[in-house]
Amino acid sequence: MSHDLTIPVRLFFQQFPWQGVAIANGHSSLPLDLHLTVTQFWQQWPWQGGGDWAETTVPTLAEWMTCLGV
Amino acid sequence: MTKIAAGSSELNALWGEPTSPTSLFDKNRHNHYDLTTFFRWDLAQGTVTDWNGAVNFFASEDLITGLMDGLTEEVGDAAPVVLYQIGRQWGALDGQAFDRWFTEEFQRPVRQTNLLFLLETWWWPFTAQGWGRWEIDLSLQKQGFLLLNIFDSAIARTLGVVGKPVCHLYAGLFAGFLSHLVSQVLECAEIQCYSMGATYCRFVVGKAAAIQPVHTWVSQGLGVREIEKRLAGGQALCPTT
């Protein structure tokens, strides 16, 4: 199933039946800019979205241990 | 009965070696965390065994409250420390069990695995058991910290708003497991708790010396943003990628 990732994230989520659930759960205080495109929205997060995050921006355990100075 | 709790390696130690999960379930299936798949119910024996072979028991919120009250009556102000140490030991033992079942299930070495995937895989059984959903925050990884959010902490939700952090068992669990994972002593502090009126609980894990002042900041009433600002001001241990 493919999605148009160039539309604003607000429109993207409004396609789904559970729209608004984040607000109902009290997460509305998060500084989310729902006018961003879907791609831009996910790129805000530490893992930077997309299908390649797992291999590019998140360390392996061994790399994280290096971060910790182990 | 309102909760599922404590599927643990400690219980394995009490009940003997767990049955190999591959003898019970399809080892190639990874999405196995729904109620009737993750748990194996043996009514004749009166046991509930999970996917990874640990024996579980169902506990009510009354039991959690009773344990907390009883422990406080026995050891007074030391109760948080005792709970933290129980959690730490649990985490260390669970880490040993995790090494086995992760390697067996995914056929890959733990250390060469993507950190988020690894940690998510570790926590999924806890989610299935009712310990709450979680979220990993790597925003301070370059400063040598790992941030964790717990939604629906079983302990905090049970105790309600009491004005102080109460998830010492969780903090110990994270410290124990992650210490095992990196073969170094790490500590964990809860910097925001549902029981302090927040919407979720937030923990920071790092080296002991770095976490020590965090406890002081929390007890001084510093907010989570100020604490993280101070943590972010620490010396970066890794180059920016």
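This report walks through chain B, from its overall make-up to strand β8 and on to the side that touches chain A. Bear in mind that this is a predicted model.

Let's start with the whole chain. Chain B has 10 helices and 8 strands. Of its 241 residues, 39% are buried. Take the contacts between residues at least 6 apart in sequence: 64% of them join residues at least 24 apart.

Now for strand β8 of chain B, which spans residues 201-207. This one is mostly covered, with 6 of its 7 residues buried. On one hand it is joined to β6(B), and on the other to β7(B), and each of these pairings runs antiparallel. Here is how the two pairings look:

| Strand joined to β8(B) | Residues | Bridges | A bridge pair |
|---|---|---|---|
| β6(B) | 146-151 | 5 bridges | B:Ile150 with B:Cys201 |
| β7(B) | 186-192 | 6 bridges | B:Gln192 with B:Arg202 |

So much for the strands; what about the neighbouring chain? On the B side, 23 residues are in contact with 16 residues of chain A. Two elements of chain B each give two or more residues to that side: α6 (115-129) and α8 (168-182). The largest share comes from α6(B), which puts in 4 residues. Sorted by class, the side of chain B that touches chain A holds 10 nonpolar residues, 9 polar ones and 4 charged ones.

Terms used
Residues numbered from 1 in each chain as written. Chains lettered and ligands numbered in written order. Predicted model: local features only at pLDDT ≥ 70, side-chain atom pairs only at ≥ 80, totals over all residues. Buried ≥ 20, exposed ≤ 12 C-beta atoms within 10 Å, placed from the backbone. Contact = placed C-beta atoms within 7 Å. Pairing = 2+ DSSP bridges. Nonpolar A, V, L, I, M, F, W, Y, C, P; charged D, E, K, R; others polar.
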